[in-house]
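Me: Please take a close look at one sheet in this model. Then place it in the rest of the chain.

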Amino acid sequence: MVKKGQSSSKGGPKPGTSAGKKQPPPAPAADDSFIIFSNSDKEPKQRKSPGQGIDGPALLGEAPKRPDVKKLIGGQSWTGKLPVNLLSEHCQKQRWEKPEYTMSKTPEGFSSMVILKAKNTKTQELVSLAPFKLPPSHKHLAVKPTALEARHFAATYGLFRVLNMRNIHMTLPPDYRDLWKGEFEALKKEDIKDGKAWMYEADPFAALREREDAKAVMEKKRNEQQRAREKAMNTPGSAGPGGLGLALRGNSNNGTNTAGGLSHNNIHRGWTKVPKIEMGKRTRTKVENLVRKHAIWNPHDVRLSDFQKHSIVKEFKDLDFRQSHIEEAVEICKDREETLEWLLIHVPEDDLPTWALPEGYVAGISMASGDLKREGAIKRLAEAGYSLELCKQIFDIHNDEGKASEALQHVLMSSGKEVESTADEDSWDTENAKESSEEIWEEEMTGLQSNLYSIIERPGKLSDVSAAASIVSEVQPVRRRRQNISRHPRAIKWVANDRSKEDWMTRQLNPKLESMIKGRRTLPAWEMKDIIVDTVNSHQVTIISGETGSGKSTQSAQFILDDMYQRAFGDCAKIICTQPRRISALGLADRVSDERCSAVGQEVGYIIRGESKVSPNTKITFVTTGVLLRRLQTSGGSSQDVVASLADVSHVIIDEVHERSLDTDFLLVLLRDVLRQRKDLKLILMSATLDAGIFEDYFKSGGKVGRVEISGRTYPVEDYYLDDVIRMTGFNPGFASKYQEDSQDTSGMDQDVAAAIQSIGMRINYDLISQTVKEIDADLTHLKQDGGILIFMPGLVEITRTLDHLKAIPNLHALPLHASLQSTDQRRVFPHAPYGKRKVIVATNVAETSITIDDIVAVIDTGRVKETSYDPQNNMRKLEEVWASRAACKQRRGRAGRVQAGKCYKLYTRNAEKSKMMERPEPEIRRVPLEQLCLSVRAMGIKEVGSFLASAITPPESMAVDGAMDLLARMGALDGDDLTALGRHLSMIPADLRCGKLMVYGAMFGCLDAAVTIAAILTVKSPFVSPQEKREESKSARAKFAKNQGDLIGDLRAFEEWYEMVNNRSYRQGEIRNWCSENFLSYQTLNDISSNRTQYLTSLREIGFIPSSSVLSPTLSAKSSNNALIRSLCAGAFNPQLAHPEAKTIKYFNQENGRVFVHPSSTIFDAQTFPGNSKYMSYFNKMATSKVFIRDLTPFNAYTALLFSGPISLDTLGRGLLVDGWLRLRGWARIGVLVSRLRGMLDDVLARKIDEPGIDLSENEVVEVVLRLVELDGMDQ
């Protein structure tokens, strides 16, 4: 650390120099692109006099014109900020000092480095960092022809050092942008591998403090170890290296630290009360054999640099490993972590460092052993030089010391190569031979004595004695490469076919079709038919804007198809039209099929998740956006595969593009790249709003974008706001509220109406809604009109409550409408109501633009919507009821004027509309978690996920992307930059990542049925209901099923019992419904769970993860009744959503939020102990209200945390293991390594499952061992 007044480099400011004395800078270094830092806002700006700074020749016009800085650094067209500006701005924001630059001139050019300084807020001491210097291998990058360019290069490197985690490279000039994502990024990866991640911290001053603190701790530790060695050397019987090692081990296990007990309590602070992890002897033997047999070290044959090897050898030698062992390991392993694991697996126990030994270990015998006779025999066998592990294995096989000794000799002899016998084989029996052998023996013993210490220090390669290290030879299995079988469609051959034209013209003579066309001619879109066709034909990208009711969704695709028929290109036509919701795809397919007088699935079809109707003759296919994305994602994993997957598609139409859903924005990024390579592909974007400029700007780089605007065919709609509705209905809320005159929402209203509004507030009042429906129905009946009423609600719960209130009105035909309804139920909203009934549709925002219900004449708009919001800083997701945007409310209003003049009843005030509603909603990519999106991008072969998403119309926050990538790594979907086998599976399953992971685990471990059911429960909701007046009885009912195993197992067992009753014909439906009521279960929710469960099984069959037969193989669900296994798999699937209890309390803590609270509705709210030695809690949902609550809880044990959580780190002070960077476990380091290797083998099993979906894993030895570990928490029984 450099203090104020000291110089940090030659090029820096000299001590004692005054800020007032100016040094004339060299001419080339002049730069006007700095931000000036000033400590006072009163300091006057210096002004140049007219002639100041201009010499004689310049006045005469002889001096050359000064080059423009932006053009010199950024190029002719650059208009953005320059690196020096950006770094100065960042320093200013961080309250650091102004950056300083060194400058040196060499024969090659100029070279500069940046120096950052900051004041310590406590001491006010000025801290100066060392100049940001490139390593010798990259020094050439910094050499520039001018000092100005050198300074901007130094600023760019400085920016990268402190802002590499953000995507600001997009704001840099082109050359510097390439450096950022090229050489600088590669250099960072190399440095991180070398243990220099501290160089790239966002706060380099905090990193400096941490390193200095760590250096002080290491120095203290080194001194303590030295004192311990000196003490050990003075201990009787400690002569020689072996004696020293034993003394150290004994010293570290006697309850004091290596320095005589000075700081033992401080070292072990935070570790003494954490759970202890142990492994039974037989279990450990089984795991070790598996690891030696199957574990793959350095599968990609990565070679460490000499510098990396030297650093690792130096570090591990300080950790008391033998140098020869470390040198051997670094030649085999890929990085530091793998080297440490290899050593802990291969070095014999007696030769391991003190910190790596288990508690109670003395000279090769565990203090925890209860069989001293066995331990004594093993020790005697090991004295001959055999590995302790091998002695244990052989002795346990024979259970006799003599037989074990013979077996050990056989292992040793058979490990050498067989040598052919010679004719002189018996010559050793001669006298001369005996004398010769005695001389050789004496010579060897003399050499052994003189070199004893070096032999002990370098005993030989561990791999050379591997035959005596284990009865199981270490095999390097060949990793099978995944076969990507291309199933891409054939490319379009643009050849005219008159036959298709003739067939089409014949169909036009059909009287029924002529009648349909006559009806289509009345739509506003028909008037624009020729313009739409011409625009699409002459532009690669076309934007069609049209108000609700214009007919753009039903007609545009037909216009394009009919034009292709007319031009004899009907055989080439294949139009895909995306819709944001299932109901839209279904409704449009039905409607367009009717208009073309064909059955759904013939000329016009649809594909939605779990359902499709298409044929080889289908020309127009309506799909959900997710279906098209899935087609692109599963195409093969490269950009060329994405292009090839659309080879047979002539037109892609993206409808409702204005909604800016996550899937739509992602699709647009992909399609923009596809269009650059497929010039014959046409893209049509359709928007219900006229603000299409943002989409035009996004696509104009590929050529001119066509624009078509269609006027809407809507009748006048009369608006009634909340005060009007209250006057109309005479509604009285029934409870008094103090009238507030200064309320903005009710200003200018009658006092009675204002008081009623203030009583209601802006929340939904169901009594007011039912009274409004009554009033509208009476008005329409008086006018003898048959139209329906459409009510907009924010969510499913509100829809259900509204329908319950409307039951009191006898002449209503009330129906729900939301995205989770089945297709058959969704279609019920389109037909007219039965005679004498008034149709009332209670819908979510799915009815805004996605579908058209023709007979609606009145709309009731609550002005509310449920949106997911996400805070990436604390990883908190919220589903909140918020105000809808004004654009959305305009769409809702338009639904009332489709068939005649209508009315819109807005249950909010005019002031609320102006002041509380946004103009349009924020794009979904900015307000939802991005794990699924990032995984999808990575699965398509795109490594630079952040850069790819930065090219979206509205890029997501870089912090959200980084958080998503970090979470994917912690979930096990990514290993560094590479997709794991689990990640490949998850990218193909259309479900929440956690639910997908649970289903993958379920198929592997033989409890698929239970895993899929729990995933369906989490997708829908818990089947248990909790009435306000019977909350405790409901909780008891759920607890009866859960049996202290956790919330999800309780829900699972309840569903299983219901499912069994439903499939048992001896039960009548009335009996089943009564059983549901008695147990506080919702019959409808159970039905929804069953439906989702079927969809998930269908999806797993479609991707080939389970056999395609309709009946599941019994082995896939043989362990669905094993609660311990299911608890473990839930915890593994939900990782890192884990909480641990504080010792001897029921307080829980997680990594992001600290203290969290079990939700009162949980079955384990009052629980003190849990089955299966469970120490931790996994949760699926976290919500913040007055506190941070965790819900959907499942208890799990320590081995589950080791096997299914994040990376395992070893504490080199011998205190235990660190899981995922925060969960502490006391235990032997070798256990951590064994489990870490076992996890890698489990990923290999997953990879095999991808290649061979039908493989039966019920008897796989890796799966069996993992199952045993989590069931018995590592013990033998």
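Reply: The sheet comes first, then the surrounding parts of the chain.

This is a predicted model: local features need pLDDT of at least 70, side-chain atom pairs count only at pLDDT 80 or more, and totals for chains, interfaces and linings use all residues. Residues are numbered from 1 along each chain as its sequence is written, and side-chain values use heavy atoms, without hydrogens and water.

The sheet is open and has eight strands, in the order 10-9-11-8-12-13-7-14. Its pairing is mixed (two strands pair if DSSP finds at least two bridges between them). Strands are DSSP runs of E of at least two residues, helices runs of H or I of at least four, and both are numbered from the N terminus. Strand 10 (611-613) and strand 14 (706-710) are the edge strands, and each pairs on one side only. From one strand to the next, the twist averages 20° (axes are lines fitted to C-alpha atoms, for helices over the stretch in contact, and angles run from 0 to 180 degrees between N-to-C directions).

Within the sheet, strand 8 (residues 575-579) runs parallel to strand 12 (residues 651-654), with four bridges between them. Ile576 faces Val652 of strand 12 there.

Two helices lie on these strands. Helix 21 (residues 529-538) crosses strand 7 (541-546), strand 12, strand 13 (682-687) and strand 14. Helix 21 makes about 165° with strand 14. Helix 24 (residues 625-633) packs on the sheet and touches strand 8, strand 9 (604-608), strand 11 (620-624) and strand 12. The direction of helix 24 makes about 95° with that of strand 11. Touching here is contact, meaning heavy atoms within 4.5 Å.

Next comes a helix pair. Helix 18 (residues 498-507) packs on helix 22 (residues 552-566) at about 120°, with axes 8 Å apart. The two are therefore oblique to each other (under 35 degrees is roughly parallel, over 145 roughly antiparallel, 65 to 115 roughly perpendicular, and the rest oblique). Helix 18 brings Ser500, Lys501, Trp504 and Arg507 to the contact; helix 22 brings Asp562, Tyr565 and Gln566. By class, these are two nonpolar, two polar and three charged residues (Ala, Val, Leu, Ile, Met, Phe, Trp, Tyr, Cys and Pro count as nonpolar, Asp, Glu, Lys and Arg as charged, and the others, Gly among them, as polar).

Strand 16 (residues 788-792) is mostly covered, with five of its five residues buried (under 20% relative accessible area with a 1.4 Å probe, protein chains only; exposed is over 50%, partly exposed in between). Gly788, Leu790 and Phe792 point one way; Ile789 and Ile791 point the other. Strand 16 runs parallel to strand 19 (residues 856-861) over five bridges, with Ile791 opposite Ile860. Strand 16 also pairs in the parallel sense with strand 18 (residues 838-843), over four bridges. Phe792 stands opposite Ala843 in that pairing.

Finally, the whole chain. It holds 49 helices and 32 strands. Of its 1277 residues, 49% are buried. Among contacts with a separation of 6 or more, 72% join residues 24 or more positions apart. The largest nonpolar core has 172 residues (a set of buried Ala, Val, Leu, Ile, Met, Phe, Trp, Tyr and Cys residues joined through side-chain atoms within 4.5 Å). Phe321, Leu344, Leu930, Phe1005 and Leu1202 touch the most other members. Helix 48 (residues 1229-1251) gives the most to this core, eleven residues.
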